[in-house]
Structures are given as C-alpha cells and as structure tokens.
Amino acid sequence: MEGDGGKGLECQKTMDGKASEENGPVKVIPSCCLKARASAPEQEAKCHSTVVSGWFSESESRSGHNSGKQIYFNNPMWPGEAHSLKVKNILFKGKSEYQEVLVFESEAYGKVLVLDGIVQLTEKDECAYQEMIAHLPLCSIPSPKTVLVVGGGDGGVLREISRHGSVELIDICEIDNMVVDVSKKFFPELAVGFEDPRVRLHIGDAVEFLRKAPEGKYDAIIVDSSDPVGPAQELVEKPFFETIARALRPGGVLCNMAESMWLHTHLIEDMISICRETFKGSVHYAWASVPTYPRQ
C-alpha cells in the first residue's frame with residue numbers, strides 16, 4: 001500500500017536479534033511470518049488459552065518478564081490482540097496426540113470448536129467460511145469430478161462439496177481423528193458431510209497422503225487447515241504446493257486457507273508468489289467476512 005491511506009494497515013513487525021557490530025544490522029521479520037513464531041517456544045505447551053471466569057480469550061501476546069521479548073500465547077498471527085467470547089458452559093475438553101480440543105457453548109455464537117486455543121468455527125458464522133472455500137474453486141472449473149480436502153475434519157467443507165452433482169469422489173485427509181469424532185457428536189450440522197457416500201475419510205498426514213496420490217488424480221484440492229504455525233506450518237511452504245501441483249490434473253484448481261488481508265499481508269504475498277511459481281494459470285486472493293476470525 002502506498003500513500004497515507006495505507007498507513008497502519010501493513011503487518012506489524014517484530015525484531016529478530018539486536019543490532020551490534022558483531023551481529024550486523026537488525027533483521028526485521030514480519031510478525032505474521034512463520035519464522036517469527038513464538039520467541040519462547042519451550043513455553044508453548046503451557047500457554048494455550050483457557051476459559052477464565054466465564055470467558056474464552058483467543059491468542060493474546062504478552063511481554064516476557066525480564067527478557068523484553070514477546071511471548072506468544074497460542075499463536076503469533078495477531079499479536080497485541082485478544083478476542084473473547086462469553087462462555088455459557090463447556091461441552092468437551094480433551095487432548096489428542098496432536099492438539100488440545102475444546103468445545104463450548106457461547107453466549108452469542110452458539111457452539112464453538114477450539115483447537116490449541118484458537119477458534120476454528122462457531123455455529124453462527126461457519127457457513128461463510130465453508131461456502132467460500134468450497135464453492136469458489138468448484139464453480140471456477142467445469143464439472144469437477146474428483147476432490148481432495150486437506151484438513152476439514154469438522155465436515156463443513158464436505159457438506160458444501162456434496163451439493164455439487166458432478167462430483168463423483170471426495171477424499172478427505174485429516175490428521176486428527178478426535179476432531180472428526182468431536183464434530184460428529186457436537187456439530188452434526190457440519191459432520192453431515194461425512195454421510196455422503198462419495199466421501200472417503202483418510203486419517204493421517206496430508207503431505208504423505210499427497211506424495212502417494214496418483215499424478216493428476218484430482219480436479220480440485222481444498223486445503224482447510226488450521227493457522228500456519230506448529231503442525232500446519234509446512235502446509236504453506238513451497239514443497240507442499242509442489243506436491244499438490246503433482247496431484248492436480250492439468251486445468252485443476254487449488255483453494256487454500258490464506259489468513260487475513262488486514263494482518264498477514266506478508267504471508268499472503270509469500271503464498272501468492274509461491275503459487276505463481278508452482279502452478280500454471282491465474283492466482284488470486286479471495287476474502288469473506290467471518291466475525292469470529294480476527295480481522296475477517
């Protein structure tokens with residue numbers, strides 16, 4: 001952005017190291033960049049947000065004691081902000097092999113699914129996200145027949161894909177079976193997507209699944225992942241996109257979760273650049289309003 005109208009809208013930045021004659025100039029890294037994730041990663045396991053006094057607060061960052069560094073609680077994707085929902089009651093809390101899983105009933109948004117302290121969806125506004133990430137790619141190519149969903153263990157994207165009569169096969173690769181089980185129990189209006197006979201569920205690592213997929217198998221691949229930190233980090237890096245390109249047929253389409261244009265311009269620019277290098281055809285960024293996602 002240029003001119004006064006863009007001031008204040010660019011990504012916030014964090015400082016990596018201190019300037020000195022030995023170390024050279026200060027290296028400035030955008031805080032939305034994956035390389036700037038937690039400055040104290042050893043504390044990650046004990047930093048996940050919890051429900052306190054009837055409120056759930058998502059992803060706030062705090063200054064580390066003495067060190068002067070920023071310690072990110074859950075996620076560095078929106079430092080300096082906390083987003084809170086009033087809690088009526090907690091429905092489920094568990095820990096899988098991969099993450100903490102929480103479901104609670106909120107005052108204003110219905111039931112809420114939270115993974116590692118980050119809101120994934122709410123009953124009230126999930127439709128905006130699911131519809132955009134599913135229908136935009138599937139309506140951009142003629143008569144898609146084979147579709148792969150990476151992540152999406154809640155079933156909402158499957159629900160939307162199933163509305164397309166031309167689709168013959170829907171593979172979904174979700175790493176965490178607990179997410180699927182919890183969704184089927186507490187979010188049946190999303191998990192109904194699993195009931196479609198065209199759906200084949202694969203529990204496991206999506207990168208490995210794609211490596212084994214036949215070349216050119218899919219007309220469309222939809223990546224419905226969590227925020228690109230921790231286990232999901234490699235899902236926004238070039239090797240993953242190259243693996244996707246191999247699994248897509250010529251003329252196929254990829255739709256990938258790409259964060260907020262208000263907070264993560266550097267991440268978005270990086271992803272667009274990688275996709276333009278990797279795929280033939282046009283690459284565009286789309287945006288939808290989802291109130292419970294920061295700045296969406």
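Phe 186 counts as buried, at 11% relative accessibility. The model is predicted, and this ring is a good place to enter it.

**An aromatic pair across the sequence**

Phe 186 pairs with Phe 92. Their ring centres lie 6.1 Å apart, the planes make 45°, and the pair is tilted. It is one of 2 aromatic pairs in the structure. Phe 92 belongs to strand 7 (residues 83-95) and Phe 186 to helix 3 (residues 177-186), so the pair ties together parts that are 94 residues apart in sequence. Phe 92 is partly exposed, with a relative accessible area of 23%.

Two lysines sit over phenylalanine rings. The charged end of Lys 111 is placed over the ring of Phe 187, 5.8 Å from its centre. Lys 184 lies over the face of Phe 194, 5.2 Å from the ring centre.

**The chain as a whole**

The chain has 7 helices and 15 strands. It holds 296 residues, and 51% of them count as buried. Take the contacts in the chain with a separation of 6 or more: 64% of them join residues 24 or more positions apart.

**The parallel sheet**

Which strands build the open sheet, and in what order? There are 5 strands, in the order 13-12-11-14-15, and the pairing is parallel. Strand 13 (199-203) and strand 15 (248-256) stand at the edges. Each has a single partner strand, so one side of each is left without a neighbour in the sheet. Neighbouring strands are turned by 15° against each other on average, direction ignored.

Strand 14 (residues 218-224) runs parallel to strand 15, and 5 bridges join them. Within this pairing, Ile 222 has Cys 255 of strand 15 as its bridge partner.

Two helices pack on the sheet. Helix 1 touches strand 11, strand 14 and strand 15, and its direction makes about 160° with that of strand 14. Helix 6 (residues 238-247) also touches strand 11, strand 14 and strand 15. The direction of helix 6 makes about 140° with that of strand 15.

**Helix 1 and its cover**

Helix 1 has 13 residues, which at 1.5 Å a residue should span 18 Å. Its end C-alpha atoms are 19 Å apart, which agrees.

The buried residues of helix 1 are Glu 126, Tyr 129, Gln 130, Ile 133, Ala 134, His 135, Pro 137 and Leu 138. In an α-helix, residues three or four places apart point the same way, because there are 3.6 residues a turn. What covers these buried residues? The cover includes strand 10, strand 11, helix 2, helix 4 (188-191), strand 14 and strand 15.

His 135 and Leu 138 of helix 1 also take part in the surroundings of His 164. Leaving out residues up to four places away in sequence, His 164 touches His 135, Leu 138, Cys 139 and Arg 198.

**Strands 9 and 10**

Strand 10 is one part of the cover over helix 1. In strand 10, 5 of the 5 residues are buried, so the strand is largely enclosed by the rest of the structure. Strand 9 runs antiparallel to strand 10, with 4 bridges between them. Leu 113 has Leu 121 of strand 10 as its bridge partner.

The two strands form a hairpin with 2 residues between them. In that hairpin, Asp 116 takes a positive phi near 50°, although Asp 116 is not a glycine. Ser 143, likewise a residue other than glycine, has a positive phi near 45°.

**Three loop residues side by side**

The table sets Asp 116 and Ser 143 beside His 164.

| Residue | Loop between | Relative accessible area | State |
|---|---|---|---|
| Asp 116 | strand 9 (111-115) and strand 10 (118-122) | 18% | buried |
| Ser 143 | helix 1 (126-138) and strand 11 (146-151) | 45% | partly exposed |
| His 164 | helix 2 (156-161) and strand 12 (169-174) | 13% | buried |

Why do Asp 116 and Ser 143 fall into separate classes? The limit for buried is under 20% relative accessible area. Asp 116 is at 18% and so counts as buried, whereas Ser 143 is at 45% and so counts as partly exposed. His 164, at 13%, is buried too.

Methods
Residues numbered from 1 in each chain as written. Predicted model: local features only at pLDDT ≥ 70, side-chain atom pairs only at ≥ 80, totals over all residues. Heavy atoms only, no water. Buried < 20%, exposed > 50% of the residue type's maximum accessible area, 1.4 Å probe, protein only. Contact = heavy atoms within 4.5 Å. Phe/Tyr/Trp six-rings, centres within 6.5 Å; stacked < 30°, edge-to-face > 60°. Lys NZ or Arg CZ within 6 Å of the ring centre and 35° of its normal. Pairing = 2+ DSSP bridges. Axes fitted to C-alpha atoms, helices over the stretch in contact; angles between N-to-C directions. Expected span 1.5 Å × (residues − 1).
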